[in-house]
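Student: I should like to work through the side-chain interactions of this structure in order. May I put my questions once it is displayed?

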Amino acid sequence: MDNMSEIEQKIAEFLLQIKAIKLEPTNPFTWASGLKSPIYCDNRITLSYPTIRTYIRQKFSEVIHEEIGSIDMISGVATAGIPQGVLVAQDLGLPFTYVRSNAKGHGRQNLIEGEVVDGQRVVVIEDLVSTGKSSLAAVQALRDAGCNVVALLSIFTYNLPIAEENFKEAKCRFISLSNYDALVQYAAANQFINDNEKSLLDSWRLDPEKWSEEQTAKSK
């Protein structure tokens, strides 16, 4: 898409304005993994804002039309990718499924909810990509069910090198509406962060584990 950089900046603006993304480089968050991070992202908050929700849906649909072409189904990654995926599927008039993080423990013990037809061209919708591991687990589940997953789309990605490697290894096309670099650029240009904070944010993306270790050492 010719205006992709404009979309990246607009999404970054929205996410910062509604505090779906919080930047705290001098007082980092601790992720579930134990890793310290200067950023926390909860894109579920976008669902509470109709204008932002609509913009995201429209841009997902445009990316599919302009970059991917004809597809047969939309699938969401549980849980945050489900509502976003439903909106896109409704917009495009397509069937929808979603992929659980783990198979259901009762009944038919489904991993994929909804009807899957062998050979379907599928786009997977995700809200956030960090390492890409959980997203690609959903992609693999759909492939195992006979689907042809042509791409995974997300609202936001941290732009971590490991994610790029993982998607490349999985031979899965990945497109995100916005990303960490665009966010930091927008935040710096609009006084959400100062120069020192920007430097801390830039260094985190290059090596999150080393950054986390350094912050942990400082706090002792």
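Student: By about how many helical turns are D202 and K198 separated in helix α7?

Tutor: The model is a predicted one. The side chains of D202 and K198 meet in a salt bridge, with an N to O distance of 2.9 Å. D202 and K198 lie four residues apart in helix α7, so their separation is about one helical turn.

Student: Is K198 buried, partly exposed or exposed?

Tutor: Its partner D202 has a relative accessible area of 32% and is partly exposed. For K198 the relative accessible area is 28%. Buried requires a value under 20% and exposed one over 50%, so K198 is partly exposed.

Student: Which residue forms a salt bridge with K10?

Tutor: The candidate must carry a carboxyl oxygen within 4 Å of the side-chain nitrogen, as a salt bridge is defined here. The closing distance for K10 is 3.5 Å, N to O. The partner is three residues away in helix α1 (residues 4-17), and the two are therefore separated by about one helical turn. The residue is E13.

Student: Of K10 and E13, which counts as buried?

Tutor: K10 has a relative accessible area of 30%, and K10 is thus partly exposed. The other value is 17%, and the limit for a buried residue is under 20%. The buried member is therefore E13.

Student: How many residues apart are E67 and R173, which form a salt bridge?

Tutor: The closest N and O atoms of E67 and R173 are 3.2 Å apart. The pair links distant parts of the chain: E67 belongs to helix α2, while R173 is in the loop between α5 (161-169) and β10. Their separation along the chain is 106 residues.

Student: What are the relative accessible areas of E67 and R173?

Tutor: E67 is partly exposed, and R173 is partly exposed. The value for E67 is 29%, and that for R173 is 38%.

Student: How many salt bridges does a search of the whole structure find?

Tutor: Among them are the pair of D202 and K198, the pair of K10 and E13 and the pair of E67 and R173. The search of the whole structure gives a total of eight.

Student: Which residues gather in a patch of negative charge on the surface?

Tutor: One of them, D207, is in the loop between α7 (195-206) and α8 (208-219). D207 has a relative accessible area of 35% and is therefore partly exposed. The patch consists of D207, E209, E213 and E214.

Student: Is S178 buried or exposed?

Tutor: S178 is located in strand β10 (residues 174-179). Leaving out residues up to four places away in sequence, S178 touches E8, I11, A12, I155, F156 and T157. Its relative accessibility is 0%, so S178 counts as buried.

Student: What is the relative accessibility of N43?

Tutor: N43 is placed in the loop between β4 (39-41) and α2. Neighbours within four places in sequence aside, N43 is in contact with L15, A20, Q84, D127, L128, I155 and F156. N43 counts as buried, and its relative accessibility is 1%.

Student: What distance separates the C-alpha atoms of H65 and C41?

Tutor: H65 is part of helix α2 (residues 50-68), and H65 is exposed, with a relative accessible area of 59%. H65 and C41 are 24 residues apart along the chain. The distance between their C-alpha atoms is 27 Å.

Terms used. Residues numbered from 1 in each chain as written. Predicted model: local features only at pLDDT ≥ 70, side-chain atom pairs only at ≥ 80, totals over all residues. Heavy atoms only, no water. Patch = residues over 30% accessible without salt bridge, like charges linked within 9 Å, V, L, I, M, F, W, Y side chains within 5 Å. Areas by Shrake-Rupley, 256 points an atom, 1.4 Å probe, with all protein chains shown as cover. Lys, Arg positive; Asp, Glu negative; His and termini not counted. Charge placed at Lys NZ, Arg CZ, Asp CG, Glu CD. Buried < 20%, exposed > 50% of the residue type's maximum accessible area, 1.4 Å probe, protein only. Contact = heavy atoms within 4.5 Å.
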